[in-house]
Amino acid sequence: MSTSSSSQTPILSVRGITVRFAGLTALSEVSFDVLPGELFAIIGPNGAGKTSLFNVLSRVYRPVAGQVSFEGRDLLRLRTDQIARAGIARTFQNLGQFPHTTVLDYLLLGRHSRMKSGIFRGGLYLGAAATEERENRAYCHRLLALLGLDRFQDRPLGSLPFGVQKRADLARALAAQPRLLLLDEPVAGMGLEESQDLAAVMLDIREQLGITQILVEHDMAMVMGIADRVLVLDFGRAIAQGVPAKVQANPEVIKAYLGEEFTEKTPAGGEVRADTNG
Amino acid sequence: MTTFIQLVFSGLALGCDYALIALGFTIIFKASEVINFAQGEFLLVGTFVVSVAMFTWRLGFFPALVIGIGVTSLIGVLFERVVLRRMIGRPPFNIIMVTIGLDVLLLTGVIILVGGRNPSSPVPFDTLSGFSIGGVEFGANAIASIVVTALVCLGLYIFLRYTRYGLAMRATAIDQEAARAMGIKISTVYALAWGISGAIATIGGIFLAAGAGNPSFDVTLGQSALVAFPAIILGGLDSIPGAVVGGIAIGLIYVLTQGYESGGFLGANFHLIAPYLVMILVLMIRPHGLFGTRKVERV
Amino acid sequence: MSTPSPAPAVSPTPTVSVTPARANWWHSSRNRTLLLIGILVLGVVFLFGGDGWVSVLDATMVWAIAALGLNVLSGYAGQISLGIAFFMGIGAYTAGWLGGGPPLFPGDPNGLGLSFLIWLPASGIVAALIGALVGPTALRLKGFYLGIVTLALVFIGQYLFLNLRSVTGGAQGRSNFPTPGFGDFSFASPTTVLGVDLTINQWYFLLLLPLLVIAAIFVGNVARTRVGRAWRAVRDNEVAASIMGVNLFVAKMGAFILSSFLAGIAGALYASLSGIATPGTWNLLLSVQLIAAILIGGAASVWGSILGAAFVFALPIALDSLQLLPQSASSTGLSSGDLSAILYGLLIIVFLLYEPAGVIGLIYRLRTTTQRFEARRKGGDPATQTMTPSDNESQLDVEPVDRAERTDMPQAPN
């Protein structure tokens with residue numbers, strides 16, 4: 001299933017992306033390709049620029065140089081809100097932005113760019129608008145059921161355990177029916193069991209939905225276990241990329257990332273088990 | 001030319017009143033990032049108390065002033081302690097609204113106590129006294145407001161630069177965590193900011209009430225103080241020199257438009273909106289104002 | 001395009017019975033019950049309450065439409081506005097210009113005398129157009145800055161209303177505002193129809209109630225569907241909302257325009273009902289009163305808008321009718337208007353401190369508590385029985401954007 005043949009046309013192509021804030025270089029000439037259906041992981045120590053890279057891909061940060069093309073389209077010509085319509089969805093590293101939104105509404109919010117009705121039609125709630133709302137609700141109900149979240153559908157996000165919120169956030173991103181899914185530390189702060197559950201969901205998404213996924217993660221064991229290919233960032237530079245086994249063997253990676261990771265405390269309970277033997 | 005000089009002088013005097021009001025906003029904003037929509041009513045309350053103390057209780061001006069400042073500062077400190085402290089971390093919307101609630105309370109309180117009569121302007125001189133040079137009138141209240149504003153600015157400068165608490169206030173404005181680490185009690189700083197702001201509001205209110213020779217004032221005094229908003233936007237929300245410069249500029253704009261608008265194509269009362277038009281222009285071109293720091297755009 | 005493709009098969013056989021989707025405001029049994037109770041109470045007052053109380057209801061319904069408008073912008077979309085009075089004024093003078101008859105007093109400007117079916121919608125549409133004109137400039141600003149710019153709008157409005165004498169009547173105001181009617185029939189004259197005698201106020205009531213119900217259902221429907229979800233997302237976190245595909249400008253402009261439209265309609269009805277308006281009618285106090293109404297009633301809630309309007313505008317009249325207090329504010333002492341102002345000033349502060357969702361939030365909290373209690377008595381699992389405020393009653397009180405972003409680790413709630 002893993003697609004490492006380089007003859008395939010990449011779904012996402014990043015070339016020479018450089019991001020600077022007030023003289024500080026967050027990303028320096030980062031380039032990589034992601035192939036359709038791939039589970040691509042980006043790893044690196046804290047502050048390596050992983051989330052900055054995601055923020056470039058979702059058009060929150062403006063790079064000073066470089067190109068990004070998604071399915072042949074120039075991504076940097078789109079506004080933040082057009083990214084979703086273009087087929088890219090993203091989960092959030094930090095939750096708690098929408099504590100009063102119910103899980104069902106959160107999923108429907110995820111479908112915003114797939115729906116059409118505006119104020120007038122929504123307010124009258126006749127014909128097409130009503131049909132659209134009903135169908136999309138039904139769709140979200142099914143998605144919730146598939147992810148085992150249906151019993152939480154009317155609960156506000158803020159009232160749910162952290163792991164359930166993370167899962168709801170993933171469901172929300174999936175609700176947009178993206179062709180590329182950006183997962184920003186999906187298991188950070190989760191226990192081992194929850195992490196494994198979520199890893200299984202990610203594999204299901206790849207196998208059964210064929211959605212391309214890019215994963216930013218701290219949990220090395222998980223990344224190496226499920227990713228097709230890995231990109232390693234260090235101080236904003238791409239220092240290695242390739243299949244997990246090859247990357248783990250790269251001496252520069254061991255020095256830059258793994259070496260530091262051993263001394264570094266990871267933020268949330270989840271211990272880092274970096275395996276250097278690989 | 002005489003008219004022009006007269007208008008500039010009057011504008012300068014009114015601008016000094018606005019500068020005092022603007023300073024009140026800015027001091028609170030710098031310390032606690034709260035925009036106090038009730039600041040105008042602080043003016044009203046302070047001035048009203050001084051007026052009552054002078055003309056009902058027959059106290060001298062200075063004892064009355066002390067009482068007025070005391071009452072206004074107390075209201076500010078209490079509001080900060082009882083209400084605002086519980087609202088830390090809430091969205092700006094809620095914090096602004098809670099100060100609007102206070103505004104309604106204070107205004108209505110004064111309306112009830114005033115009961116339809118207009119209180120006398122509490123100044124220690126005849127509001128109409130003054131002298132004239134070459135046809136230009138120099139009213140006592142105008143001169144006093146310029147002199148006192150200069151003194152207040154000097155006092156604030158010395159306080160902020162050389163006293164322990166002043167330094168504490170500045171440190172808190174820059175970095176709360178660092179200030180706390182230096183052993184500065186943030187709650188004292190907040191109380192101090194609200195207290196000083198109340199005191200300055202009272203002084204500004206007295207001058208604004210007496211205006212260009214008004215023997216009495218009414219309850220719309222607080223609303224006329226809202227012109228300080230354009231002043232602080234012009235100067236930059238978090239800048240003390242900005243508040244003074246912005247206040248004086250808005251005072252000049254106000255009086256000059258008022259002086260030259262009559263019979264013009266602009267119609268009646270253009271001077272009431274001229275400061276706001278300037279403000280909108282500033283917001284479009286330079287949202288952080290003349291002296292403000294850029295980050296406050298994010299508020 | 002709007003038809004979603006089949007659900008993804010993450011697990012091969014989904015075994016869910018899809019619950020019927022209830023997005024329509026009208027389909028909520030709670031809303032229907034409340035609406036029926038409301039109409040019943042109003043009906044009793046209408047028939048047996050006497051003309052004075054009917055006139056109070058009329059005014060309250062007009063305020064409720066304005067409060068709904070403000071709630072769209074501030075409650076749902078989270079954009080501070082002090083400018084609602086300006087848009088009410090625009091609506092009123094549009095109605096006066098299009099629908100007004102010959103001058104009633106010297107100085108009244110002439111009106112075009114058009115039909116009610118033209119001037120009422122037009123008052124909303126003109127206000128909405130001006131909203132669309134002002135919006136792009138104002139909505140570039142956030143929070144406090146937006147508050148001050150909308151404050152400036154009120155002052156600019158008063159200046160315009162003072163100077164555009166040929167429409168507004170200038171400083172002395174305008175008194176020939178149109179009264180609604182069809183052909184020979186007017187809502188503003190006591191008439192006997194089908195053998196029933198009705199007063200002017202009762203006729204107005206029969207006009208205003210359906211208008212309020214339509215406005216409430218419309219806003220309720222918007223709030224529960226795509227646009228409403230986008231508004232709340234923008235209110236809670238702009239960056240996250242736009243990443244999820246919400247166009248911030250479109251969302252804010254939509255709220256601004258609908259809000260202006262409703263304010264315009266309310267302004268026209270207000271002027272028609274009271275028969276006179278001066279530039280000073282559309283002042284800052286009016287905006288502040290409407291803010292008080294939505295904060296006390298409940299931000300981001302249709303029922304909250306109506307309850308809040310009733311509280312802020314009907315309360316002084318109710319206090320007056322009890323005749324415990326001196327009637328006018330000109331004499332020393334406590335008038336009913338002052339007392340209610342003190343009350344709502346105090347209530348703004350108390351609600352923001354303890355229940356940012358207003359009276360509606362309080363009602364939910366009470367219901368949740370009773371349900372928990374009952375659940376415990378029955379030995380059920382309280383967690384699954386807990387009722388929570390539904391989407392459109394969600395609170396304004398959320399973490400600000402930058403704060404949420406600054407936190408490195410998400411905090412597990414509870």
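**Chain A**

I started with chain A of this predicted model and counted 10 helices and 10 strands in it. Chain A has 278 residues, and 60% of them count as buried. I then looked at its contacts between residues at least 6 apart in sequence; 66% of these join residues at least 24 apart.

**Salt bridges**

I searched the whole structure for salt bridges and got 16 over all chains. I went through three of these pairs by hand.

I took A:Arg229 and A:Glu38 to begin with; their closest N and O atoms are 2.4 Å apart. A:Arg229 is in strand β9 (residues 229-234) of chain A, while A:Glu38 is in the loop between β2 (24-34) and β3 (39-43), so this salt bridge ties together parts that are 191 residues apart in sequence. I checked burial for the two residues, and both A:Arg229 and A:Glu38 are buried.

My next pair was A:Glu133 and C:Arg229, a salt bridge at 2.9 Å, N to O. I placed A:Glu133 in helix α5 (residues 127-146) of chain A and C:Arg229 in helix α8 (residues 226-236) of chain C, so the pair joins two chains. A:Glu133 and C:Arg229 are both buried. I also found that A:Arg137 is linked with A:Glu133 and C:Arg229 in a network of salt bridges.

I then turned to C:Lys142 and C:Glu238, whose side chains form a salt bridge at 3.5 Å, N to O. C:Lys142 sits in the loop between α4 (116-138) and α5 (143-163) of chain C and C:Glu238 in helix α9 (residues 238-243), so the contact ties together parts that are 96 residues apart in sequence. I noted C:Lys142 as partly exposed because its relative accessibility is 39%. C:Glu238, at 12%, counts as buried.

**Interface of chain C and chain B**

I listed the residues in the contact: 49 come from chain C and 48 from chain B. The two chains bury about 4300 Å² between them, with 75% of that on carbon and sulfur atoms. On the chain C side I noted C:Phe144, C:Tyr145 and C:Tyr159, which supply 17% of the area that chain C buries against chain B, more than any other three residues. I also looked for salt bridges across this interface and the rule finds 0.

**Aromatic pairs**

I counted 27 aromatic pairs over all chains. I looked up B:Phe61 and B:Phe62: their ring centres are 5.0 Å apart and their planes stand at 80 degrees, so I recorded the pair as edge-to-face. B:Phe61 has 14% relative accessibility and counts as buried, whereas B:Phe62 has 58% and counts as exposed.

I then looked up C:Trp63 and C:Phe313, where the centres are 4.1 Å apart and the planes at 15 degrees, so the pair is stacked. C:Trp63 belongs to helix α2 (residues 51-76) of chain C and C:Phe313 to helix α12 (residues 302-322), so the pair ties together parts that are 250 residues apart in sequence. Both C:Trp63 and C:Phe313 are buried. I traced the ring pairs further and found both residues in a cluster whose members include C:Phe86, C:Tyr93, C:Phe177 and C:Trp282.

I also noted two charges over rings. The charged end of C:Arg174 sits over the ring of C:Phe177, 5.9 Å from its centre. In chain B, B:Arg164 lies over the face of B:Tyr165, at 5.6 Å from the ring centre.

**Cysteines**

I looked for disulfides over all chains and found 0. I checked B:Cys16, whose closest cysteine sulfur, in B:Cys153, is 7.7 Å away and therefore too far for a bond. B:Cys16 is buried at 5% relative accessibility, and B:Cys153 is partly exposed at 23%.

**Chain B: one helix residue and two loop residues**

I looked up B:Phe48 in helix α2 (residues 39-55) of chain B. B:Phe48 is buried, with a relative accessible area of 11%. Leaving out residues up to four places away in sequence, I found B:Phe48 touching B:Val110, B:Leu113, B:Val114, B:Pro119 and B:Phe217. From B:Phe48 to B:Ser120 I noted 8.7 Å, C-alpha to C-alpha, for 72 residues in sequence.

I closed with backbone angles. Most residues other than glycine have a negative phi. I noted B:Glu33 with a positive phi near 55 degrees, in the loop between α1 (2-32) and α2 of chain B. B:Arg58 also has a positive phi, about 60 degrees, and is in the loop between α2 and α3 (61-82). At 67% relative accessibility, I recorded B:Arg58 as exposed.

Conventions. Residues numbered from 1 in each chain as written. Chains lettered and ligands numbered in written order. Predicted model: local features only at pLDDT ≥ 70, side-chain atom pairs only at ≥ 80, totals over all residues. Heavy atoms only, no water. Phe/Tyr/Trp six-rings, centres within 6.5 Å; stacked < 30°, edge-to-face > 60°. Buried < 20%, exposed > 50% of the residue type's maximum accessible area, 1.4 Å probe, protein only. Helix = DSSP H or I, 4+ residues; strand = E, 2+ residues; numbered from the N terminus. Lys NZ or Arg CZ within 6 Å of the ring centre and 35° of its normal. Disulfide = S-S within 2.5 Å. Contact = heavy atoms within 4.5 Å. Buried area = accessible area lost by both parts, 1.4 Å probe. Salt bridge = Lys/Arg side-chain N within 4 Å of Asp/Glu carboxyl O.
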